[in-house]
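User: I'm new to this and would love a close look at one part of this model. Could you pick a pair of helices and walk me through how they sit together?

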Amino acid sequence: MHWGIGFASSRSCVVDLSRNQSISFGLWAASEEPYTFYGDIIAFPLQDYGGIMAGLGSDSWWKKTLYLTGGALLAAAAYLLHELLAIRKEQEVDSKDAIILHQFSRPNNGVPSLSPFCLKMETYLRMADLPYQNYFDGKLSPQGKMPWIEYNQEKVSGTEFIIDFLEEKLGVNLNKNLGPHERAVSRAVTKMVEEHFYWTLAYCQWVDNLHETQKMLSLSGPFSDLLKWILCHLTKGIVKREMYGHGIGRFSEEEIYMLMEKDMRSLAGLLGDKKYIMGPKFSTLDATVFGHLAQAMWTLPGTRPERLIKGELINLAMYCERIRRKFWPEWHHDDDNTIYESEESSEGSKTHTPLPDFSFYSRTETFDDEGAENSISRTPDTDFTGHSLFDSDVDMDDYTDHEQCK
């Protein structure tokens, strides 16, 4: 018997593929708020197949070619959907006394994630020195969000709620050194970054710089390039629609970049020559800010935010570099000695080392806090010892910052 296939859907976003079973696939805009298609790929018998094919005998050659081409395209579409949806078997996750972090797959440019929120969450876990296990299964939380965690069979989504949950369950607190005023400032800056600056980054990443973002996606298979193109353009449409609903998408491209620049200048002014945003010790805010600034620093080559952060707002670039070296020891760059490339740098000389895929991670190093009594004079491009932050031998592990979260 011969079969045809079709797609049935009653709403937009994540597709369900049915053949004795169904699965879901999420499309995202690198945010905590993925948007999903729901529907079914259905198979149906061609009852009159014999009659149709018999009729081809009297058709002209171009009609026969059209029929055969259509059948080939149908088969190719089915294969592409199979690859795109990446059917996986459901696995029981043993989360007893273990933090299971669900997030998007690693990109192929050496950066941990193209999602500011996924990078924020994983950086927070490292800052708090909490052992965790990554699951790059693409499975969304019950609320349709990414990232999310499982701990002792409890599922929590939304980075703010995840952090509150971990503080309550495990007693960690990266903000214990902050006073009431500093906590208020920290929350205000967090909302500026996540509710405003994020959307300007998303525009640059998934609309204006889509071609470069497409290169960074990690997909394999004979049709990987086509799958990347499909995914990127679907995400582009979602981002533009959501930005319009937010309000920021109603402005021109130049106005969006002006808003981005204002946010970046505000962060640079708040950081100044301090080691971290709120002072000599890191806090939850630093995980948030780093997760977003890292996108401008390492995932948007040749764009206005990259030129700004590596040029005029150099203190933000050094801030990102400090956090990368401190909490991501396996995240290497071939140009670590000179992280700021000159305009004469050739495109062919830029290579990336893939980030090792550690399914389980725990930081065991200890770091010494920079004492408040430290009176050594320093400039924005030096650390507390006077070493230049451009030097490759800067030892960022001379602090015991992890004590603050115990």
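Analyst: Here is a walk through one helix pair, with a short stop at a loop residue afterwards. Keep in mind that this is a predicted model, where local features need pLDDT of at least 70 and side-chain atom pairs count only at pLDDT 80 or more, while totals for chains, interfaces and linings use all residues. Residues are numbered from 1 along each chain as its sequence is written, and side-chain values use heavy atoms, leaving out hydrogens and water.

Our pair is α3, residues 116-127, and α4, residues 159-170. Helices here are DSSP runs (H or I, at least four residues), numbered from the N terminus. Their axes lie 10 Å apart, at an angle of about 15 degrees; an axis is a line fitted to C-alpha atoms over the stretch in contact, and angles run from 0 to 180 degrees between N-to-C directions. That makes α3 and α4 roughly parallel (angles under 35 degrees).

So who touches whom? On the α3 side you'll find F117, K120, M121, Y124 and L125, which meet T159, I162, I163, L166 and E167 of α4 (contact means heavy atoms within 4.5 Å). Sorted by class, this contact holds seven nonpolar, one polar and two charged residues. Ala, Val, Leu, Ile, Met, Phe, Trp, Tyr, Cys and Pro count as nonpolar, Asp, Glu, Lys and Arg as charged, and the others, Gly among them, as polar.

Now the loop: N209 sits between α5 (180-208) and α6 (210-216). N209 is buried, at 11% relative accessible area (buried means under 20%, with a 1.4 Å probe and protein chains only). Beyond its neighbours within four places in sequence, N209 is in contact with C204, T299, L300, P301 and T303.

Conventions. Helix = DSSP H or I, 4+ residues; strand = E, 2+ residues; numbered from the N terminus. Parallel < 35°, antiparallel > 145°, perpendicular 65-115°, else oblique. Buried < 20%, exposed > 50% of the residue type's maximum accessible area, 1.4 Å probe, protein only.
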